[in-house]
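Hi,

Here is the structure I promised to pass on. Have a look at it, then read my notes below.

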Amino acid sequence: MSPTTILILIASYFGVLILISYFTGKEDSNAAFFKANKSAPWYLVAFGMIGTSLSGVTFISVPGLIGGQQFGYMQGVLGFFVGYFVIVFILLPIYYKLNVTSIYEYLEQRFGKVSYKTGAFFFLLSRVTGASFRLFLVALAMQYVVFESIGVPFWITVVISILLIWIYTFKGGIKTIIWTDTLQTLAMLSAVGLAIYLINEKLDWTYLEFLNSDSFSEKGKIFFFDDPNAAVYFWKYFIGGIFITIAMTGLDQDMMQKNLACKNKKEAQKNMISMSVLLVIVNFAFLSLGALLFIYAEQFGIDIPIVDGRTRTDLLFPEIAMNQNLGKPLAIIFIIGLIAAAYSSADSALTSLTTSFSVDFLNINNKPEAEQKPLRKRVHVYVSIVLAFVVILFNYLDGNVVSNLFKFATFTYGPLLGLFAFGILTKRQIRDKYAWIVGLLSILITFGITSLPESIIGAYQFHWEILPINGFITFIGLLIITKKEIINTD
């Protein structure tokens, strides 16, 4: 596919998003930007959140997991399913009872201002780094496929990407995001569905015949109980999946802001339950596609891409979609799906970061009404600039440094997990001024644990279980700084 064709696709796609923002952003108010006036249909929120949950990296990497762990990822997905019910019946009732705009306002009411700022800061750190990392990887791919050949520098690619996101989010905020996420999820799932159909057609199968085939049996193992040291061990994946969902969805302003846009707690709960079911189905579809990709590659002698001397199974999907004669429709919808997956998480992050900084650090709700909207718009611009700067910075850092920064940022959910768990599960009060020290030490300790040499931990491979370990360390730290008095919850 020519660079010109891809550019037309990108321009058309963003044209549709900007058109959506025109209709959804007519009410340019903080209430619409932060909470969509609490009028978002729960079914749209549920469907759109699938796109936010799956980034551009996930879009191409989950099918590639088949090469190393077959369907083992489904063990984590089952954990996700359980985690959503913790959010539905424990966290959502708290958020709706307190009527918060930022979920970290709970920490202020429970512990005090320092805990509140600590939780909000860790969210900002993790979201800025995580969103920038994901956008960096996709921008890098787009640079390689399109912009390099027409002489556009990488930094211009990044600035244009952020600018386009800013254009369709600066008025409507979360109200616009809910509708654009729906479109982006549809684009992403269409790409997966079409790829599954076309590859099955090439292999002369129906989807059910594929699932019943010997080839699928060889790649379709889900449960791994034999080696506790392995990253794919069931209990690591399953328990880790539960806590990943609680922390990275239930304690994440980005994900919860959409839920808080629903009319009431009951509608938000219907949204989360529906999403939990959809996510199981969608992830099974992604893994089914992965199995088909590997079967197709084996049958037609397609080599798995090698980059910098390393076999990259996550690039098998783009290789087959773009270069293996499955037709232009698949190539087109793959590009659209990749863009949708990338920008559905980036636009959502931009909106939630604007909300968190405005509410948690600038106390926008306590400002004179005439100042609130201009302040929110300025913050939206500043956050956009920060994201662009971080993405461009990543391009000048060593790849291992960037990966470690992303790894470090994911640890910031551990203190959030510990703070919320301590607040919900105990009636103890803490010495609030020390909360940030506990959070920082828990991150450093956890990061150190995962960096232990093989001479100490042997063949053990850390996986998602590191998140509950991180949260537990925070919990113990909060116990240490506990005051003698018990809070009154009556």
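Leaving aside residues up to four places away in sequence, I242 touches G79, F80, V82 and G83. Keep in mind that this is a predicted model. You'll find I242 in helix α13, which covers residues 234-250. Is I242 buried or exposed? Its relative accessibility is 15%, and buried means under 20%, so I242 counts as buried. For a sense of distance, try going from I242 to S21: they are 221 residues apart in sequence, and their C-alpha atoms sit 34 Å apart in space.

Now for the chain as a whole. The secondary structure comes to 23 helices and four strands. The C-alpha atoms fill a box of roughly 70 × 55 × 45 Å along the principal axes. How does that square with a compact globule? For 490 residues, such a globule would have a radius of gyration near 23 Å, and the protein chain has 22 Å, so the two agree.

Burial goes beyond I242, too: 54% of the 490 residues count as buried. Among contacts with a separation of 6 or more, 85% are between residues 24 or more positions apart.

On the outside, the protein chain exposes about 20,700 Å², with carbon and sulfur atoms supplying 64% of that area. As for charge, there are 35 positive and 31 negative side chains, and the centres of these two sets lie 13 Å apart.

If you want a place to start, go to helix α13 and pick out I242 there, then look for G79, F80, V82 and G83 touching it.

Cheers

Technical notes
Residues are numbered from 1 along each chain as its sequence is written. This is a predicted model: local features need pLDDT of at least 70, side-chain atom pairs count only at pLDDT 80 or more; totals for chains, interfaces and linings use all residues. Side-chain values use heavy atoms; hydrogens and water are left out. Helices (H or I, at least four residues) and strands (E, at least two) are DSSP runs, numbered from the N terminus. The radius of gyration is taken over C-alpha atoms; the globule rule is 2.2 Å times the number of residues to the power 0.38. Buried means under 20% relative accessible area, exposed over 50%, partly exposed in between (1.4 Å probe, protein chains only). Contact means heavy atoms within 4.5 Å. Accessible areas come from the Shrake-Rupley method with a 1.4 Å probe; for residues, only the protein chains shown count as cover. Lys and Arg count as positive and Asp and Glu as negative; His and the chain ends are not counted. The place of a charge is taken as NZ of Lys, CZ of Arg, CG of Asp or CD of Glu.
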